[in-house]
Amino acid sequence: MKIAIGNDHSAVELKEIIKEFLEEKGYEVLDLGTNSTESCDYPVYGEKVGKAVAAGEAKLGIAICGTGLGISLAANKVKGIRACVCSEPYTAKMSRLHNNANVLCFGARVVGSELAKMITEVWLDTEFEGGRHQRRVDQIMAIEANE
């Protein structure tokens, strides 16, 4: 499975750690940058990850900025994206199980590398439950379609 990953300047180091973690687990990684610690704009990279997932270039995405919030807002502006900010494994699990989230976001200034690995692993290992949750995901997507 291919995972798109993108980040701003605050998350270069954590992105590299997560990228290596994913590759060790057998995932193919589409690195959308940045690879520089020079100040840059997180919306650019949130959009890149969202577009890669929406276009089918990657099945899922991971976007990292200082808090995870800004980059998630940008990713969620891409049609078809359900990005979630997770700072612990339980929310990561539920975002997949109940919301079928397709982009995981977290903050390099909020979670350490080991916690980020745990969040990522739980998120990737959890499948969408469907059932009553499909109706709710459909309602979320209908909001987007009405814009």
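Which residues does UniProt place under the feature "active site"? The unreviewed entry assigns this feature to Cys65 and His98; UniProt positions are given in the numbering used here, feature names are shortened, and annotations may be inferred rather than shown by experiment. The two residues are spread over 34 residues of sequence, and in space they are up to 24.4 Å apart between C-alpha atoms.

A word on the basis of these results is useful here. The structure is a predicted model, in which local features need pLDDT of at least 70 and side-chain atom pairs count only at pLDDT 80 or more, while totals for chains, interfaces and linings use all residues. Residues are numbered from 1 along each chain as its sequence is written, and side-chain values use heavy atoms, with hydrogens and water left out. The chain has a mean pLDDT (the predictor's confidence in each residue, from 0 to 100) of 97, and 99% of its residues reach 70 or more. Among its elements, the lowest mean pLDDT, 94, belongs to helix α6 (residues 132–145) and the highest, 99, to β5. Helices (H or I, at least four residues) and strands (E, at least two) are DSSP runs, numbered from the N terminus.

The two annotated active-site residues have distinct settings. Cysteine 65 lies in strand β3 and, at 3% relative accessibility, counts as buried; buried means under 20% relative accessible area, exposed over 50%, and partly exposed in between (1.4 Å probe, protein chains only). Leaving out residues up to four places away in sequence, cysteine 65 touches Asp8, Ser10, Ala11, Tyr42, Gly70, Ile71, Phe106, Gly107 and Ala108, where contact means heavy atoms within 4.5 Å. Histidine 98 is found in the loop between α4 and β5 and is partly exposed, with a relative accessible area of 23%. With the same sequence neighbours left out, histidine 98 touches Phe128, Glu129, His133 and Val137.

A "binding site" annotation, also from the unreviewed UniProt entry, covers Asp8, His9, Gly66, Thr67, Gly68, Leu69, Gly70, Asn99, Arg109, Arg132 and Arg136. These positions span 129 residues in sequence and the farthest two C-alpha atoms are 39.5 Å apart, so they do not all gather at one spot. Glycine 68 sits in the loop between β3 (60–65) and α3 (69–76) and is buried at 0% relative accessibility. Beyond four places in sequence, glycine 68 touches Val85, Cys105, Phe106 and Gly107. Asparagine 99, in the loop between α4 (89–97) and β5 (103–107), is partly exposed at 37%. Its contacts, counted in that way, are Arg82, Met94, Phe128 and Val137.

The interior can be described next. In the largest nonpolar core, Ile18, Leu22, Ile62, Leu104, Phe106 and Trp123 touch the most other members of the 22 residues; such a core is a set of buried Ala, Val, Leu, Ile, Met, Phe, Trp, Tyr and Cys residues joined through side-chain atoms within 4.5 Å. Two or more residues each come from β1, α1 (12–24), β3, β5 and α5 (113–125), with α5 giving the most, four residues. Another core, of 17 residues, lies apart from it and includes Ala4, Cys65, Ile71 and Val78.

Helix α3 has Gly70, Ile71, Ser72, Ala74 and Ala75 buried, and its buried residues pack against β1 (2–7), α2 (42–54), β3, β4 (83–85) and β5.
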